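Me: Can you walk me through this one? I'm new to reading structures, so keep the answers short.

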Amino acid sequence: MGLLSIIRKIKRKEKEMRILMVGLDNSGKTTIVLKINGEDISVISPTLGFNIKTVKYQKYSLNIWDVGGQKTIRSYWRNYFEQTDGLVWVVDSSDIRRLDDCRAELHNLLKEERLAGASLLVFANKQDIQGALKPDEIAKVLNLEVMDRSRHWKIVGCSAYTGEGLLDGFDWLVQDVASRIYILD
Amino acid sequence: MEPETDQPKTGGGGGHRKHLAMLERLSKRSSASSSNAGAGAGAGAGTSPVDAFLARFAGAKLAAESALSACRASSPEDAAASLAAAGAAIDDIDRLVAEASHALPPYELRAALAAAADLRAAHRAAAAELRPKKSFSFRNKSRAPKNPPQDPATALPPQPPPPPELPNPSLDPILPGLGFRGRSGATLVKDLRRVSNGKDGDFTLADLVSCEVYLKGKCRALYIHRLRGCRVFVGAVLGSVLIEDVEGCTFVMAAHQIRIHEARATDFYLRVRSRPIIEDCSGVRFAPHALSYEGIEEDLRESGLEEETGNWANVDDFKWLRAVQSPNWCLVPEEERLQAVDISEAREQGDDT
């Protein structure tokens, strides 16, 4: 219909993608965004509310929404679901005690209809910390294989601190989204 | 990848940003008007947005409650349909609250969220009662209705096995990392400089009662859970500290980030590069870092914590997002503050982790 086709047209022209970053507090969402943007990561306060960054990535323009993960503000995540092309779920791989919470919040999120078409990238962050769980262990604990038939997803180990793995993850996400929404290229 | 236009919450991002914001508003409005065809009139002229919300919320709550009571009264055949209807009614409430969340004062918001959570719980209870076996599977449909279960011996086999739901993988087999756990009345000392890779790993303090904890050296992350009446002294954390559920404790530590959840009557002596946050806390107090031991300057410097930022007093309370001071925290009055604590003499006793 009218509005939707206008939005599509604009998006296509500017090659825009809307990426939503979510995950429990202390998982490293803001650090990841600042790191891929080449900014200082030594002073980052826990996110009160949200941050938006526009990042040029290959020929695309990524609108990255980094939303705070504290328990009190998780209920506001849903305000950012609209028109999300790619979803990034960030996990603190060394916080073993809260992996149950992490799984519950993730699966709760994935029930959301407005996110049904979004590709899912799971970042198993903090791989630089000794004793962090490996990506395949995180995948098992989070029960990711239940999505095999319903969604494009991938888990990538990374360290926002060193930057390792971040580009691998975003490469996959951007390619996957692009192959879906800019199929004509 | 290069930075382009940052778009912080303030800042005039120009036409592009306005354009996006407008599209978003438009799309929100179009979806909102289709989803609340019934209750849409609530935001009418004359009433404040809060009153309008409360009216719509009351209506939606009533609808959900009556749908729930219909569930309980329904026969097993209709159970699925009535449960789905009740679930949809509760979803409506969630949506209503989410839409209004920006405009609502904290009390109304919390009350609304609590009511929604109660309904959700009631719905789960009703669901558990009405469909004890709900495993989804492909099976020959003609089989079930054909044998009226008279004889228990033949009736039982065709029943599907109870289970279902996704088995949640257990965390038990995962070996815990370094830490002190489940101790009472002990003095616990660890010098991470003497642990190979200690500085590259995380450390955990969990389920401690009336303990004194001395942690010298550096680590990458610190997790603290369920401490009662403990005194905790920590060298330098090059990364974040996550503290949950502590009561009647004193913490002295330096770190890049500090998050404090569910703390009661506890004092924090901090040096922190970013703003510390509290959530669901009461009676917590803050003061500047006050710790020394041989070599602490080096540990702090190597962790980027040599500088006193003054952030120990810049606390954000997620349960009090207003300009006036939160009632949940305050500063420790100067005359009550700990004098610099020297833990050089604390030695490891050999039994730990």
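Reply: Here is a short chat about cavities, salt bridges and cysteines.

Reply: This is a predicted model, so local features need pLDDT of at least 70 and side-chain atom pairs count only at pLDDT 80 or more, while totals for chains, interfaces and linings use all residues. Residues are numbered from 1 along each chain as its sequence is written, chains are lettered from A and ligands numbered from 1 in the order in which they are written, and side-chain values use heavy atoms, with hydrogens and water left out.

Me: How many cavities of 30 Å³ or more are there?

Reply: There are 2. A cavity is a set of points on a 1 Å grid over the protein atoms alone, where a 1.4 Å probe fits but cannot get out. Points join across faces, edges and corners, and the volume is the space filled by probe spheres set on them.

Me: What volume does the largest cavity have?

Reply: About 70 Å³.

Me: Which residues line the largest cavity?

Reply: Among them are A:L24, A:D25, A:V90, A:D95, A:R98 and A:C102. Lining residues have an atom within 4 Å of a point. By class, the lining has 5 nonpolar, 1 polar and 4 charged residues. Here Ala, Val, Leu, Ile, Met, Phe, Trp, Tyr, Cys and Pro count as nonpolar, Asp, Glu, Lys and Arg as charged, and the others, Gly among them, as polar.

Me: Which element gives the most to that lining?

Reply: β4(A), with 3 residues. Both β4 (86-92) and α4 (99-110) of chain A supply at least two. Helices (H or I, at least four residues) and strands (E, at least two) are DSSP runs, numbered from the N terminus.

Me: New topic. How many salt bridges are there over all chains?

Reply: 31. A salt bridge is a side-chain nitrogen of Lys or Arg within 4 Å of a carboxyl oxygen of Asp or Glu.

Me: Which residues are linked in a network of salt bridges?

Reply: A:D25, A:R74, A:D95, A:R97, A:R98, A:E105 and B:E244. You met A:D25, A:D95 and A:R98 in the cavity lining too.

Me: Where do B:D207 and B:R226 sit?

Reply: First, their side chains meet in a salt bridge, 2.6 Å from N to O. The pair links distant parts of the chain: B:D207 is in strand β4 (residues 202-209) of chain B, and B:R226 is in strand β6 (residues 221-228), 19 residues apart.

Me: And what does the pair B:D280 and B:K319 tie together?

Reply: These two form a salt bridge at 3.5 Å, N to O. B:D280 lies in the loop between β9 (277-279) and β10 (282-288) of chain B, and B:K319 in the loop between β12 (316-317) and β13 (329-331), so the pair ties together parts that are 39 residues apart in sequence.

Me: Is B:D191 buried or exposed?

Reply: Buried, at 10% relative accessibility. Buried means under 20% relative accessible area, exposed over 50%, and partly exposed in between (1.4 Å probe, protein chains only). Its salt-bridge partner, B:R193, is partly exposed at 39%. The closest N and O atoms of B:R193 and B:D191 are 2.9 Å apart.

Me: Last topic, cysteines. How many disulfides are there over all chains?

Reply: 0. A disulfide is a pair of cysteine sulfur atoms within 2.5 Å.

Me: Why is there no bond from B:C249 to B:C230?

Reply: Because the two sulfurs are 4.8 Å apart, too far for a bond. B:C230 holds the closest cysteine sulfur to that of B:C249. B:C249 is buried, with a relative accessible area of 3%.

Terms used:
1 Å grid on protein atoms, 1.4 Å probe; cavity = no way out; pocket = protein on both sides within 12 Å on 5 of 7 lines; lining within 4 Å.
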